[in-house]
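Visitor: Could you walk me through how to read the features of this model? I would like to start with the general picture and then go to details.

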Amino acid sequence: MINIFDVAYLIPLFPLLGFLINGLGRKFISKSVTGFIGSLVIFISFCLSILVFINVSKEGFTPQNIDYFSFINISKLNIPFEFQIDQLTSVFLLIITGVGFLIHVYSTSYMKDEDQAGYARYFSFLNLFVFSMLLLVLGGNYVIMFMGWEGVGLCSYLLIGFWFKNDNFNNAAKKAFIMNRIGDLGFILGIFWLINTFGTTSYHNLFDAQTGILSVITVKNSPVLIGISLLLFMGATGKSAQIPLYTWLPDAMAGPTPVSALIHAATMVTAGIYMIARSNIIYTMAPFTMSIVAIVGLATAIFAAIIALKQNDIKKVLAYSTVSQLGYMFLGLGVGAYSAAVFHVMTHAFFKALLFLGAGSVIHAMGGEQDIRKMGGLGKKMKITYVTFFIACLAIAGLPPFSGFFSKDEILAAAYSDNPLFYIVGVAGALLTAFYMFRLLALTFAGKFRGTDEQLHHLHESPSAITFPLICLAVLSAIGGFVGIPEIFVKNGNSLGDFLSPVFADSNKLLTAGTTSPQLEIILMAVSSLLILFVCIWAWKKYKNYQEGTEEAGAFTKAIENKFYVDEIYDSIIVRPLKGFSRFLGNVVEKSGLDALVNGVGKGINYSSRQIRFLQSGFVGSYILLMVIGLLLLLIIQLFTK
Amino acid sequence: MLGTYYTFPELLLWIPLVTGIIIFFIKSPKAVKNFALFSSVATLVVSIISLCYTDFVHHPEYATYNNVSYVWLPYIGSSFSVGMDGMGFLLTFLTAFSFPLVFAATYKREYPNANVYYGLMLLVQAGLMGVFVAMDALVFYFFWELALIPMYFLCSRWGGEFRIRVTFKFFIYTFVSSLLMLIGIMFVYLHTPPVTALSEHSFYIKSFYSATLDASQQNMVFWLFFAAFAVKMPIFPFHSWQPDLYEQSSDSTVMVLSGIMVKMGIFGMLRWLLPIFPEAVEKNDTIILVMCIIGILYASIIALSQTDLKRIVAWSSIAHIGLMGAGIFARNNTSLQGVMLEMLNHGINIIALWIVVDIIEKKTGIRKISELGGLATKSSTLTTFFIIIVLANIGLPLTNGFVGEFLMFTGLFEYNKWMAVFACISIILSATYMLNMVQKVFFGNTNSITENVGSISGGQKFTLSVIVAAIIILGIYPGPVLHLTQDTVTDILQKFK
């Protein structure tokens, strides 16, 4: 019997093969074969991931370290190419390959209008993305994680700018890459600091309770760990689109919709959460950073939710919603509820992927239209899309018993015991979420159709390659929460939390968790759920018979519609001054300062060589002249030093 | 036979030197090209074979295959000593590997006076090889000039319309600084211990290492050597010859100039400057590191607003070289290993960039990025190659660029955290200007200039495939290179105890 951990390399290898086959054979392979290969390799990885999960859940499992070869090995620094598989990895493996597979299937239909080469390019990039993402979560040290980390950033860049003839899309792609790089600067400095302090980047060395960080640093809030944790968090704000580096994500919606679902909702943007969950010991030992993480997460959650209220592009609403939901996950991490954050990653992957895929189905039916003010009444024509979208809205709003309820509640409960103010703001954010989601739902699916007659005629339910993933994800969104039922309802109901607990065991020992009485918890839960339900109904009623031009626009509304002008502010305080400075250095400093000096020397020599008639002008002349000067200098030095 | 009659360093020297001289007498341009290509491939084969004889620890006899010394000028204590250690193997390989690529990539190009052109190119190659294998200061200086002088002619006779002016600037810079180095060599020579009865002093490298210089002398002569190497690299603020020269030089000249010749400066620092003047290095390292880091940021920021393809590549190269300078003066095992690896990587990557820039210029006739666009629809293969090369250039993991940069940054961080922070900002800037270039040239819609561009030729595909393979292999498995250069790094660091 083959040990699954011995062949763990196959999990990323299959997507890599898919990338190579589709990438190199893009001119020869037919579209149906391309789509088949692209999806098949992910399906194989998914099956292997299930096997890994089964083996990880067995009694007596210990984290597996698989060392392949030495990536960098110089006297003091050894960075092997290694994988580490534990509970956290296996959960992410399932999310990535599972949701990834559904989105590949969806894409086979969604991208069918592309020409053959474009279709193959799309699938090869998508496969490469899955490969990179798997590398990110399988890596056994920070350098391998960084490889995957940059790899997913690259794929995100390539896929946002997939339709590269449109320069707006290209700009969005470039912006995403550069903003991610700003975060990566922090990440890699964090890695340097880890190497400098501990001499290793391997998790099994760093996080070993006896010999790792905890054996070297025993007091909380040591400057080194605050520094490292803040730098790593800087990396997370880039990849997971948190304040101040979130502005690339809404623009990233330029990519094909399945890409938005996979990369910019379900998987890549959760890499930051994975990274912090993986580094939980560093964060637990730096409570200062944890409060920063919590505050940034909460602020992002609220800020993005407010912007989402007034967006009219179906994908932009979902994009800001993603930013906001990621904020919740960081809130969870910041208050020490690591497994709750991972739980929310999982449920969010289900319902947000579903929302994006549903949006894609709608956009397809509308012939490319993305403005929800021009939709309406689609529920009658697109029953499956409507129902699944509705389930997703219930899940993201956090209504029981849908999946989002459980994960969000676990985060909010932990926030309450850390600081009740976090809880109150968090619930306010949840109400905003409920509002903008049901506004979106009502504008899209309820009321009368507001588009053109041609569009109305064209409206249809999408084919089964699109509806099948929708149905799968809808089921998961509906019941996915049951893996994490709070203790107050069912004893040992939080099976995901129990499953993940070994990963966070050392941190949980160090955290001083406040306790909330069960009665209070139930009361809070009931009140918040009722409020959310009320808001849902309110938003639905308000927007189900929406007519264009009926909304008033105050100054604040205008600011929201323009996303608080954050892009414009960045542009005027960073981008433009930098460009100006660049031109100043290139045109003024470079031309007048150093260069003029050297040219002056050149001219001077030219001039003197012309004056000294017995020398030839130009090359040879100055050569000899310089030689003479040099020999003189040599003599002078000799005289002075003797 | 091997080691008795001839050694690898000699072969690597003689092949280009002899063929270079022969080629002057060949008339047919086609024969010239083929002969030059043949010669460079022969050198590459020798270099590859020599790489099988690098394990001096387990096979002491291999050392004799790679080190040899002939009587040359015994009365002044100079002998024709050549030899290779890890760094020697690495850089001779880079030289041997690059020339066939350069010749193959520009095979279609017709140069006026092809025999002179290729003859000079091969002389440059011989000079470079000599610099990298010299174990005697006078031999080193001889080859240093042998590499530079043909280069002056290559730059001034083949190139753009302002070539004379920019070559003159290049000439002033390098000639003055070479002369300063010569003074430095003489000075150190006069303080070397006697080796043989025939002469009081010696030019042998080991004698230079053990020269008795007091602190103030070290400090003074240090700057003489530093000037020569810093100009050649170039380190900020000695760089102003470079962008102009790169812009004006012809395609294969600029590949050699930027891919290999700048390594002369880096090599010089590692081989001569650091081991001879350890105290002066320790005294002056902060100021030089600051210069390097200013240079990294200065060049990266200027690159942001450049519109000419060649100038973008030139400024990007200056930024990379600045980082290598910082890696040298941070002088710990990690940073020096990073520099070693980066010498190879930078050589490969920048030659690759020039090849693509050259292809674009040949196809469209322009280098201004704002006038290009949409090439991705015309040649997806070229686009793929170019994106991979760009990614290597901005140091994306799993490409060769990452490993070298990672090690240099790690080493710099070990030396001083804040310096590493400032130097690291370049990873954002390089992504910005490089991706901007990709976007402007390849993405968007085609225009009247780019819509008739065809796909690339088989030869170009082959050359670029070789380079891309090297980029990825070195990015995933850099171990052998790091292993190769460890001995040199250890030797250098022994001087700093």
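Guide: Gladly. Chain A has 28 helices and two strands. Keep in mind that this is a predicted model.

Visitor: Then how should I read confidence, and what is the mean pLDDT of chain A?

Guide: Look at the average and then at the weak stretches. The mean pLDDT of chain A is 87, with 91% of its residues at 70 or more. Over residues 613-618 of chain A, pLDDT stays under 50, and the model has seven contacts beyond four places in sequence for that stretch.

Visitor: What radius of gyration does chain A have, against that of a compact globule?

Guide: A compact globule of 642 residues would have a radius of gyration near 26 Å, and the 29 Å of chain A agrees with that. Its C-alpha atoms fill a box of roughly 100 × 65 × 55 Å along the principal axes. As for the interior, 54% of the 642 residues of chain A count as buried. Among contacts in chain A with a separation of 6 or more, 80% join residues 24 or more positions apart.

Visitor: Now the two chains. How many residues does each chain give to the contact?

Guide: In general, the size of an interface is often given as the accessible area lost when the parts come together. Here we can go by residues: chain B gives 52 and chain A gives 49. On the side of chain B that touches chain A, the elements giving two or more residues include α7 (163-189), α12 (278-304), α14 (333-364) and α21 (479-494) of chain B. The largest share on that side, eleven residues, belongs to α7(B). By class, this side of chain B has 35 nonpolar, 15 polar and two charged residues.

Visitor: How do I describe a pair of packed helices?

Guide: Two packed helices are described by the angle between their axes and the distance between the axes. Take α10 (residues 241-248) and α13 (residues 309-330) of chain B: their axes come within 9 Å and cross at roughly 140°. The crossing of α10(B) and α13(B) is right-handed. On the α10(B) side, the contact is made by Gln242(B), Pro243(B), Tyr246(B) and Glu247(B), and on the α13(B) side by Lys310(B), Arg311(B), Ala314(B), Trp315(B) and Ile318(B). That contact has five nonpolar, one polar and three charged residues.

Visitor: Let us turn to the backbone. Which peptide bonds are cis?

Guide: Omega is the angle to check. In chain A, the bond from Pro400(A) to Pro401(A) is cis, with omega near 0°. Pro401(A) is in the loop between α18 (383-397) and α19 (403-418) of chain A. In chain B, the bond from Met233(B) to Pro234(B) is cis, with omega near -5°. Pro234(B) lies in the loop between α9 (215-232) and α10 of chain B.

Visitor: And phi? Where is Ala241(A) placed, and is Ala241(A) buried or exposed?

Guide: Check the sign of phi and the residue type together. Ala241(A) has phi near 50°, a positive value in a residue other than glycine. Ala241(A) is in the loop between α9 (223-239) and α10 (248-251) of chain A. It counts as buried because it has 31 C-beta neighbours inside 10 Å, and the cut-off for buried is 20 or more.

Visitor: Where is Phe564(A) placed?

Guide: Phe564(A) is in the loop between α25 (555-561) and α26 (566-592) of chain A. Phe564(A) has a positive phi of about 55°, although it is not a glycine. With 14 C-beta neighbours inside 10 Å, Phe564(A) counts as partly exposed.

Terms used
Residues are numbered from 1 along each chain as its sequence is written. Chains are lettered from A and ligands numbered from 1 in the order in which they are written. This is a predicted model: local features need pLDDT of at least 70, side-chain atom pairs count only at pLDDT 80 or more; totals for chains, interfaces and linings use all residues. Axes are lines fitted to C-alpha atoms, for helices over the stretch in contact, and angles run from 0 to 180 degrees between N-to-C directions. Helices (H or I, at least four residues) and strands (E, at least two) are DSSP runs, numbered from the N terminus. A crossing is left-handed if the near helix is turned anticlockwise from the far one by less than a right angle, and right-handed if clockwise. Two residues are in contact if their C-beta atoms, placed from the backbone, lie within 7 Å. Ala, Val, Leu, Ile, Met, Phe, Trp, Tyr, Cys and Pro count as nonpolar, Asp, Glu, Lys and Arg as charged, and the others, Gly among them, as polar. pLDDT is the predictor's confidence in each residue, from 0 to 100. The radius of gyration is taken over C-alpha atoms; the globule rule is 2.2 Å times the number of residues to the power 0.38. A residue is buried if 20 or more other C-beta atoms lie within 10 Å of its own, exposed if 12 or fewer, and partly exposed in between; C-beta atoms are placed from the backbone.
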